[in-house]
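Biologist: I am a first-year student, and I would like a close look at a single part of this model. Could you take me through the main nonpolar core and the helices packed around it?

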Amino acid sequence: MGAFLAAFRTNRTKIWVGAVTLLLVFYLVVSFQRSILLLTDNNLAAKAIGAAYLVLPIVGAWALIRELMFGARTEKMARILEAEGGLPVDDLPRTPAGRIIRAAADQEFEKYKAEAEAAPDDWRSWFRLSCAYDAAGDRKRARASMRDAGRLFRGNVPA
């Protein structure tokens, strides 16, 4: 039982991603089925709704695949950086509630921003910049920087 709980704690995020993915796939399959039913109806309005409804599973499947690939690539980059000893150290001071103190994160951010500006073609610097954006609370820029890191990673790492 102890080994099971340890494995669950270690893989909690992957388990939740798998559960949400299964629910989304179920929803996409049902949406696709309903759109086909509407497309086979004799009513012209039902056919139009079915055609419009067919777009949902297509866009949903595309978004799901894209996000899963993003997550897998991010995890692969993190493993490489960890093996190289290049992951940013999470030693920023925190509030009693566990939140990172913003001023400290902003100060640390400047270091990683300068690193990324000095090496704009290095995915490692963009990965670390993404972590700094995340620590500073800027999730949108963190994600954009991680996408840049992933793009550079795909171009520089042999398959």
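Modeller: Here is a walk through the core, followed by the helix pairs.

A word on the ground rules comes before the tour. This is a predicted model, so local features need pLDDT of at least 70 and side-chain atom pairs count only at pLDDT 80 or more, while totals for chains, interfaces and linings use all residues. Residues are numbered from 1 along each chain as its sequence is written, and side-chain values use heavy atoms, with hydrogens and water left out.

Let us begin with the core. A nonpolar core is a set of buried Ala, Val, Leu, Ile, Met, Phe, Trp, Tyr and Cys residues joined through side-chain atoms within 4.5 Å. Buried means under 20% relative accessible area, exposed means over 50%, and partly exposed lies in between, using a 1.4 Å probe and protein chains only. The largest such core here has 17 residues, and those with the most contacts inside it are Met77, Trp123, Trp126, Phe127, Leu129, Met146 and Ala149. Two or more residues each come from helix H3 (44–84), helix H4 (102–118), helix H5 (123–135) and helix H6 (139–156). H5 gives the most, with six residues. Helices (H or I, at least four residues) and strands (E, at least two) are DSSP runs, numbered from the N terminus. As background, nonpolar side chains tend to be buried together in soluble globular proteins.

Now zoom in on Phe127. Not counting residues up to four places away in sequence, Phe127 touches Thr74, Met77, Ala78, Leu81, Leu87, Met146 and Ala149. Contact here means heavy atoms within 4.5 Å.

Next, how do the helices pack? Two packed helices are described by the angle between their axes and the distance between the axes. Axes are lines fitted to C-alpha atoms, for helices over the stretch in contact, and angles run from 0 to 180 degrees between N-to-C directions. Angles under 35 degrees count as roughly parallel, over 145 as roughly antiparallel, 65 to 115 as roughly perpendicular and the rest as oblique.

Take H3 and H5: their axes come within 11 Å and cross at roughly 105°. That makes H3 roughly perpendicular to H5. On the H3 side, the contact is made by Thr74, Met77, Ala78, Ile80, Leu81 and Glu84, and on the H5 side by Trp123, Arg124, Phe127 and Arg128. By class, this contact of H3 with H5 has six nonpolar, one polar and three charged residues. Ala, Val, Leu, Ile, Met, Phe, Trp, Tyr, Cys and Pro count as nonpolar, Asp, Glu, Lys and Arg as charged, and the others, Gly among them, as polar. Glu84, found in helix H3, is partly exposed, with a relative accessible area of 45%.

H4 and H5 have axes that come within 9 Å and cross at roughly 160°. H4 is therefore roughly antiparallel to H5. Residues of H4 including Phe109 and Tyr112 meet residues of H5 including Trp126 and Leu129. The contact of H4 with H5 has nine nonpolar, one polar and three charged residues by class.

Finally, look at H2 and H3, which pack at an angle of about 160° with their axes 8 Å apart. H2 and H3 are therefore roughly antiparallel to each other. Their contact has 18 nonpolar, five polar and four charged residues by class. Ile36 lies in helix H2 (residues 12–39) and counts as partly exposed at 36% relative accessibility.
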